[in-house]
Amino acid sequence: MFVLVGLAVFLGIAVVSLIAVFKVVAKIYPYAYVNARIRAMHSRILKKEDFVDLMEKPYNEAIYSLDKNFYPHLASFIGSDFSYSSVDSALRASLVKDLAKISRMVPAESKKFVSLILSKYDIQVIQSIVRSSHAKLLTNDSIKDIISVTEVFHKNFLDQGNFSLNSLYNELNGTHYHLLMEKHLEQLRKGDFLQFELELDLLYFSRLLHEAKSLPAKQFVKRSIDMHNISLVLKGLEPIIPGGKIPLSDLEPFVKSNSLTQLAQLLKKHSYQVDSSDNEHQVEHSLYKDFFSFCRGLLSADPLSENSIIGFIVVMQTTMRNTNILLKLKSHGFTKEQISEVLSI
């Protein structure tokens, strides 16, 4: 009896001591805990060989495999509907759920930056509501799982299921997006969305660049800006986001010249590993692969910094994007060889 009591007292003292030690360590190394969690999560993420295996499976079997091995929330989001649109929404909901989990774990000094990275999903919801307001395409079920990444949208807005321009405008009151929407409200009511969406992106990247304090964070934002500007150029639009590695003045001539070879040369000049190609999709694809490679490198960098947080967020996003592409092409009957060519793995 005395032995048991002594053992209980000893264990109690040990637990208290560990708590005290953890509090001290957490102050000295605030990123140690979240990086340990990230490495555990990373071990369960899709690898290149998993994508090779999925390409061999029929569409429905691939979804069952994803639900069983990689996305445990997938089945609850899909239900009995295995259509691609349903799977697309389910994958996004599963990703957002995991990203929100990470945002709650990060140390205070990185919360603002991580929150801003995730605010891109707020922008996606705003764009979806604006574009769908005339066609009445959005329902309560279609966005309920992607609207809670940050605190922009109030729960009552989701519950009422009223996704009109006016309700969105009222809901955004007090946010960075309200004045921007007010500026473009008349154009939006006429169905003219482009300028509003471009300025939303400009707002997103300018805030992100402002909050990037560490060198990896700045590199991440600059690369993200370049990718966005290149995407605009390849669509024949003017690049508008300043702050990337490539000056806007160097990109602007390509809007008219449309020389992909010269564009690839410019990217290589700024240390991007891209293919020289006459195919715009190949240029953009290789740029994605280079970005993914950079962010994977952050996972093996200093474990006591925010490097792995940034790297893992991008790895998760890219993995979901690749999974989405794979299932979309598989649902349309593309071969495994055709699918393999467009995946950034």
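**Phe113 and the core**

I started at Phe113 and listed its contacts, skipping residues up to four places away in sequence: Leu208, Glu211, Ala212, Ala217, Phe220, Val221 and Ile310. A reminder to myself: this is a predicted model.

Next I looked up the largest nonpolar core, which has 99 residues. Phe113 turned up again there, as one of the members that touch the most others, along with Ile126, Met181, Phe220, Ile309 and Leu327. Which helix gives this core its largest share? I found that helix α19, residues 307-331, does, with 12 residues.

**Overall make-up**

I then stepped back to the whole protein. I got 20 helices and zero strands. Of its 345 residues, 47% are buried. I also checked the contacts with a separation of 6 or more, and 57% of them join residues 24 or more positions apart.

**Helix α14**

Is α14 largely enclosed or left open by the rest of the structure? I counted 16 buried residues out of 20, so α14 is largely enclosed.

I checked its length too. At 1.5 Å a residue, I expected the 20 residues of α14 to span 28 Å, and its end C-alpha atoms came out 29 Å apart, which agrees. After the helix comes Gly236, and I noted that its phi is positive, near 85°.

**Looking for empty space**

I ran a cavity search over the whole structure and got one hit of 30 Å³ or more. The largest cavity holds about 40 Å³ of space. Which residues line the largest cavity? I wrote down Val233, Leu234, Phe254, Asn258, Ser259, Leu260 and Leu263. Two elements give two or more residues to that lining: α14 (215-234), which I had just been looking at, and α17 (260-269). By type, I sorted the lining into five nonpolar residues, two polar and no charged.

**His42**

My last stop was His42, which sits in helix α2, residues 32-42. Buried or exposed? I have His42 down as buried, because its relative accessible area is 18% and the cut-off is under 20%.

For its neighbours, again leaving out residues up to four places away in sequence, I listed Lys47, Arg296, Leu299, Phe312 and Val315. I also looked at the pair His42 and Met316: they are 274 residues apart in sequence, yet their C-alpha atoms are 8.6 Å apart in space.

Technical notes
Residues are numbered from 1 along each chain as its sequence is written. This is a predicted model: local features need pLDDT of at least 70, side-chain atom pairs count only at pLDDT 80 or more; totals for chains, interfaces and linings use all residues. Side-chain values use heavy atoms; hydrogens and water are left out. On a 1 Å grid over the protein atoms alone, a cavity is a set of points where a 1.4 Å probe fits but cannot get out, and a pocket is an open set with protein on both sides within 12 Å along at least five of seven lines; lining residues have an atom within 4 Å of a point. Grid points are joined across faces, edges and corners, and a volume is the space filled by probe spheres set on the points. Helices (H or I, at least four residues) and strands (E, at least two) are DSSP runs, numbered from the N terminus. Ala, Val, Leu, Ile, Met, Phe, Trp, Tyr, Cys and Pro count as nonpolar, Asp, Glu, Lys and Arg as charged, and the others, Gly among them, as polar. The expected span of a helix is 1.5 Å times one less than its number of residues. Buried means under 20% relative accessible area, exposed over 50%, partly exposed in between (1.4 Å probe, protein chains only). A nonpolar core is a set of buried Ala, Val, Leu, Ile, Met, Phe, Trp, Tyr and Cys residues joined through side-chain atoms within 4.5 Å. Contact means heavy atoms within 4.5 Å.
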